[in-house]
Amino acid sequence: MQNGVDYIEITQTAAMSVASHGARAKCLQRLIRLGMPVPKTIALSFDTVRGIAAGKHFDSAELLSYFGPDPLVSVRPSPEMSEWGGPGAVLDVGMNDAQLVRLSDKLGADAARSLYLRFIHNYAVEVARLDPEEFPIQESPSQSALAAAQEAYAHEMDEDFPQNPAEQLTHILRSMARAWDSTSARLLRQARGAPEGAGLGLVVQQMSLAMGEQESGSGIIQFVSSTTGMPRITGRYVSQNTGGDVMERDGAYYLSSDSRGLSLEELAPEAMEQLLAASDRLRVGLREEMKVEFTLTNRKLSVLDAVRVPRNSRAAVRIAVSLAEQGIISNEDALLRIEPRALSELLHRQVAPSVERSAIAKGIAASPGAATGKIVFSATAAQEYASRGEACVLVRRETSPEDIRGMHSADAVLTERGGMSSHAAVIARGLGVPCVVGVDEITIDARAKTLKLADGTNLSEGAEITLDGSSGEILLGAVSLDEAALDGAFRTLMSWADQARDIDVRANADTPADAETARLFEAKGIGLCRTEHMFFEEGRLTLMREMIFSETQKERAASLERLLPMQREDFLKLFEIMRGQPVSIRLFDPPLHEFLPHSRDGIRALAEALDLPLSVVTHRVSELQEFNPMLGMRGVRLGITVPEIYDMQARAIFEATVLAARRGASIVPEVMIPLVSAKREVELVRARIDAVAAEVRSETETTFEYRLGVMVETPRAALRAGDIAGQVDFLSFGTNDLTQMTYGLSRDDAGRFMGEYVTQGVFPEDPFHTLDVDGVGELLTIAADRSRALKPDLTLSVCGEHGGDPDSIDFCRKAGFTYVSCSPFRVPVARLAAAHLALTDAPSEQKPRRFNLLGRVFRSPTSVTDG
């Protein structure tokens, strides 16, 4: 310790931790404990570095004395988390005129001058902050080039290049310490999740020169693929390396034997054997797959550093499962190593990492995955492309229910307006279709069928683009895509998640295709089937419109009678696919005007189809328009005023139930009434549904059960849940609409200002993306408490988009909800998130222990001693 500023040599027993000296320093200690040949290293603590940045005296000469009379060292950053970044490493500290002479005798003049020139360049740029163009790097510099670099430094700094190693080290340490505290560095690491007071450690390590008379060089090696997680040796090795980034050097050799050229295994087989043995020790000792930085000096191996193998989500899952299956980590640890949201990459095609991105536009990444297709500007065009087997991207200013058929046909969806909870975003996530919304830098002209970019370029219908719903980027033309990866490792991980979680996960599924996806992802039933989407299919929309234009109850019933077998078949398919698992069917919800055209051409076509005067159709369309349709004639209000609709749907559900039972797929259907606000609404609808059930039982001479529930979407329904609970078997909270009504905020328009609101701290998160636990959450808690006070075993669930959000799932678990329901492609994310929450909420003696390995926090019940 020097004047309250300390450093410590890294040994097996040195008192140090990630929290005091950083991830790199602690990793090096672990490597030493595992018997790795790590060069002598000194670690400076966070407090030491803070002191240096503040101008406290530091005795660099004493530190360098640990490295002998002619020290040659490197300085590297050691933050608590490697993701937080840090200043660049500085190599060859201690290089000066005297060292040049010694190394010239030992390595040759060219190699020595190359080391010296590279150090002058790095020192001038990183420490003195001089123009790098004034200090060009040459592989075999002449003596005159070296002299020119020294003269350039002296000219710019009005002093000679420092020859005292202690002076060099002092300036380097101070520069790195102050760079960490710079405004730009602080903002960058905070954007990556670092706390305000995050500290930086530094490590000073003996240089292990990658040059010598016998085989010498430097390299990087890893033993699994970063993209698949499968065993594979990758990396680079540069023989007689005079410095610089190995990954950027020309003339690198292969690592293992390769018919294409020389390899490290041929040049130094004993070193390769040591590295292979080291990989096994690291995997077991650090319980990770590691990437190792190493040098050879006259065939002697030195390990300079090791970090976790960088990986995409596919590789991360395979690595975690493989380590668990080998008994190196527990199943629980494997689960906790995978971020739930990262699973989205496995469920959809993704833009290949090798693609050089040049985005022509960027918006909000609303539904993950990537797709390439030709742009189209209408649902009809999307259907035409699909019928020809051509991929297309549906481009709209914003979508409406009329676009659903086109969204089913399109490979991706792009909208100029909207946010994470807009119509396009919600439907696309449910379909598993990549979607980017809120691309306000483009202008869409649907009539002219053009998309205008910010630079004025116009793309016409048929132009090919690639849409990346994971990043929000739009790329011109076709690019390479990686396929989804639902392999054995993924399924194994999901089975472990199901063993750990303590809340069920269902899927929102409106079609047989959705139900098949729900089964594929092992959802525990359907938590929300939105029946209105079925009416937009070809052949049904006309019947629906006939019903809307019916002038008498008899005419209306006749139109619905023709829709009945279609609905019955829909429900029968769902029941057969789900094979006895619960299916919760929401009765008709949207206002009737959503099924009518709004354009002049559309109204004229409807008049022709219905054989009615244009004036009559125009008047009826105008008559059904509402000032605020979200709060108008929809949901249970429509069911009470036009009861024939719910009668038909109830009959279709019950007849399908009977048919399913006869085919061996017995089920207890769940019938859900939408947009309830009062107990009396439930009583009126229940009476009619009970009557329909009795009729079907009598007509089919069978018995069946069904469960009736309410979709809680209004604040009043939440507050009066105690009254409503007596009439129902379950309450399902539609948090999309409940959030809209609680905030008085349209989710389709929120995207225009939500980013600014979150940035300025009005809301901590977009309340349509993550449940507002203080406001909407309090309504859910009130409803849960009041309803279960009457019925303790009442089923409670969330079936809005929040059902797939990990933070929202945490709230539901703590509130005692039975299950959450989300889009089919979010089911795996929800299952893993629920497992994470169950494991981290376990009693202290069972809770997986947290530790920080190489700058990333993991949790494990079998973690190594942190020391």
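Hi everyone, let's start with one residue: phenylalanine 753 sits in the loop that runs between helix H29 (735–743) and helix H30 (754–759). Keep in mind that this is a predicted model. Is Phe753 buried or exposed? Neither label quite fits, because its relative accessibility is 30%, and that makes phenylalanine 753 partly exposed. Phe753 also has company: together with Tyr757 and Val762, it forms a nonpolar patch on the surface. The accessible area of those three residues together is about 240 Å².

Now let's zoom out to the protein chain. There are 867 residues, and buried ones make up 55% of them. The secondary structure comes to 33 helices and 32 strands. If you line the C-alpha trace up along its principal axes, the span is about 105 × 60 × 55 Å. The chain exposes about 35200 Å², with carbon and sulfur atoms supplying 48% of that area. For those of you who like contact maps: take contacts between residues at least 6 apart in sequence, and 68% of them join residues at least 24 apart.

On to the cysteines. How many disulfides does the count come to? Zero. Take cysteine 392, which is in no disulfide: the nearest cysteine sulfur belongs to cysteine 435 and is 13 Å away. Cysteine 392 is also buried, as its relative accessible area is 0%. Then there is cysteine 812. Why no bond there? Its closest cysteine sulfur, in cysteine 799, is 10 Å away, so the two are too far apart for a bond. Cysteine 812 counts as buried too, because its relative accessible area is 2%, and the cut-off for buried is under 20%.

Thanks, and happy to chat!

Key. Residues numbered from 1 in each chain as written. Predicted model: local features only at pLDDT ≥ 70, side-chain atom pairs only at ≥ 80, totals over all residues. Heavy atoms only, no water. Patch = residues over 30% accessible without salt bridge, like charges linked within 9 Å, V, L, I, M, F, W, Y side chains within 5 Å. Areas by Shrake-Rupley, 256 points an atom, 1.4 Å probe, with all protein chains shown as cover. Salt bridge = Lys/Arg side-chain N within 4 Å of Asp/Glu carboxyl O. Helix = DSSP H or I, 4+ residues; strand = E, 2+ residues; numbered from the N terminus. Buried < 20%, exposed > 50% of the residue type's maximum accessible area, 1.4 Å probe, protein only. Disulfide = S-S within 2.5 Å. Contact = heavy atoms within 4.5 Å.
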